[in-house]
Amino acid sequence: RRNEADDRRPSDDGIGSERGPQPTLRSVATLVEASRDLPIELSIEGDISDLPSSVDLTGFRIVQEAITNVRRHAGAVSNVQVSITRFPDAVDIDVIDNGRGAAADDKGPGYGIIGMHERLEAIGGSLTASSRRGGGWHVRAKLPTPRQSARSNIDDTAPEVMAAETAGGEIAASEIGQPVNG
């Protein structure tokens, strides 16, 4: 199992050392630039500047591990696509390569996919990782992003936000436990 020490451990690319701030999805551009040995195309759609820190760090680590897996297992690749797409309630991450795929992997199984799955499970996300027909590999992660209340910067799906206001400003007993829709 992972713990906080895993998140502070320095990485091979020097991003996320224990002395500096934790990396975020905005740091992926730096990660891609540091990965000059791979032909990576990065696409970011939507605003990823205001994500909860757990989503930001998890997203970065998913991309980092997927790129590491390409480097270790894919063999020669001519294209690696990293796509990050922000939706109102989620961030989707896709890392696709055109390498040799899992069937040709001679290095044996590692713990990268297990680690990605555990990280995502910890924040309520999901992971799909599979070989692509014709070669290559596709990692898809879905990270939930709680919607923000229009009245405040409070996460309206957090347990401490337990009721919604009615039109008259009172809280109805039937609404306790329902998310606030701002």
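## Nonpolar core

A nonpolar core is here a set of buried Ala, Val, Leu, Ile, Met, Phe, Trp, Tyr and Cys residues joined through side-chain atoms within 4.5 Å. The model described is a predicted one. Its largest nonpolar core has 30 residues, and Leu-25, Val-28, Val-82 and Ile-93 are those with the most contacts inside it. Two or more residues come from each of the elements H2, H3, E2, E3, H4 and E5. The largest contribution is that of H3, which gives seven residues. In soluble globular proteins, nonpolar side chains tend to be buried together.

The surroundings of Val-82 can be listed. Leaving out residues up to four places away in sequence, Val-82 touches Val-28, Ile-40, Glu-41, Leu-42, Ser-43, Val-63, Ile-67, Asp-94 and Val-95.

## Overall composition

The protein contains four helices and five strands. Along the sequence these elements follow the pattern α-α-β-α-β-β-α-β-β. Of the 182 residues, 37% are buried. Among contacts between residues at least 6 apart in sequence, 58% join residues at least 24 apart.

## The sheet

The five strands make an open sheet in the order E1-E2-E3-E5-E4, and the pairing is mixed. Strand E1 (40-45) and strand E4 (126-131) are the edge strands, each pairing on one side only. On average, and with direction ignored, neighbouring strands of this sheet are turned by 10° against each other. Strands of a sheet pair through backbone hydrogen bonds, either parallel or antiparallel.

Strand E5 (residues 137-144) is joined to E4 by six bridges, and the two run antiparallel. Within E5, Lys-142 stands opposite Ser-126. E4 and E5 form a hairpin with five residues between them, and Gly-134 in the turn has a positive phi of about 90°. E5 also pairs with E3 in the antiparallel sense, over eight bridges. For Val-91, the bridge partner in E5 is Leu-143.

## Two faces of E5

In a regular strand the side chains alternate between the two faces of the sheet. E5 shows such alternation: Trp-137, Val-139, Ala-141 and Leu-143 point to one face and are buried. His-138, Arg-140, Lys-142 and Pro-144 point to the other face and are not buried. The two bridge partners named above thus fall into separate sets, since burial here requires under 20% relative accessible area: Leu-143 is in the buried set, and Lys-142 is in the set that is not buried.

## Helices on the sheet

H3 lies across E1, strand E2 (80-87), strand E3 (90-97) and E5, and runs at about 175° to E5. H4 also packs on the sheet, where it touches E4 and E5, and its direction makes about 155° with that of E4.

## H3 against H4

Two packed helices are described by the angle between their axes and the distance between the axes. For helix H3 (residues 53-73) and helix H4 (residues 112-122), the axes come within 10 Å and cross at roughly 170°. Angles over 145 degrees count as roughly antiparallel, and H3 and H4 are therefore roughly antiparallel to each other.

On the H3 side the contact involves Thr-58, Arg-61, Ile-62, Glu-65, Ala-66 and Asn-69. These meet Gly-112, Ile-113, Met-116, Arg-119 and Leu-120 in H4. By type, the residues of this contact are five nonpolar, three polar and three charged.

## Arg-71 and Thr-24

Arg-71 belongs to helix H3. The relative accessibility of Arg-71 is 38%, so the residue counts as partly exposed. Neighbours within four places in sequence aside, Arg-71 is in contact with Ser-35, Asp-37 and Leu-38. Arg-71 and Ser-35 are 36 residues apart in sequence, with 9.4 Å between their C-alpha atoms.

Thr-24 is placed in the loop between helix H1 (4-8) and helix H2 (28-34). With a relative accessible area of 15%, Thr-24 is buried, because the cut-off for burial is under 20%. Apart from residues up to four places away in sequence, Thr-24 touches Asp-56 and Phe-60.

How values were computed:
Residues are numbered from 1 along each chain as its sequence is written. This is a predicted model: local features need pLDDT of at least 70, side-chain atom pairs count only at pLDDT 80 or more; totals for chains, interfaces and linings use all residues. Side-chain values use heavy atoms; hydrogens and water are left out. Axes are lines fitted to C-alpha atoms, for helices over the stretch in contact, and angles run from 0 to 180 degrees between N-to-C directions. Angles under 35 degrees count as roughly parallel, over 145 as roughly antiparallel, 65 to 115 as roughly perpendicular and the rest as oblique. Contact means heavy atoms within 4.5 Å. Ala, Val, Leu, Ile, Met, Phe, Trp, Tyr, Cys and Pro count as nonpolar, Asp, Glu, Lys and Arg as charged, and the others, Gly among them, as polar. Buried means under 20% relative accessible area, exposed over 50%, partly exposed in between (1.4 Å probe, protein chains only). Two strands pair if DSSP finds at least two bridges between them.
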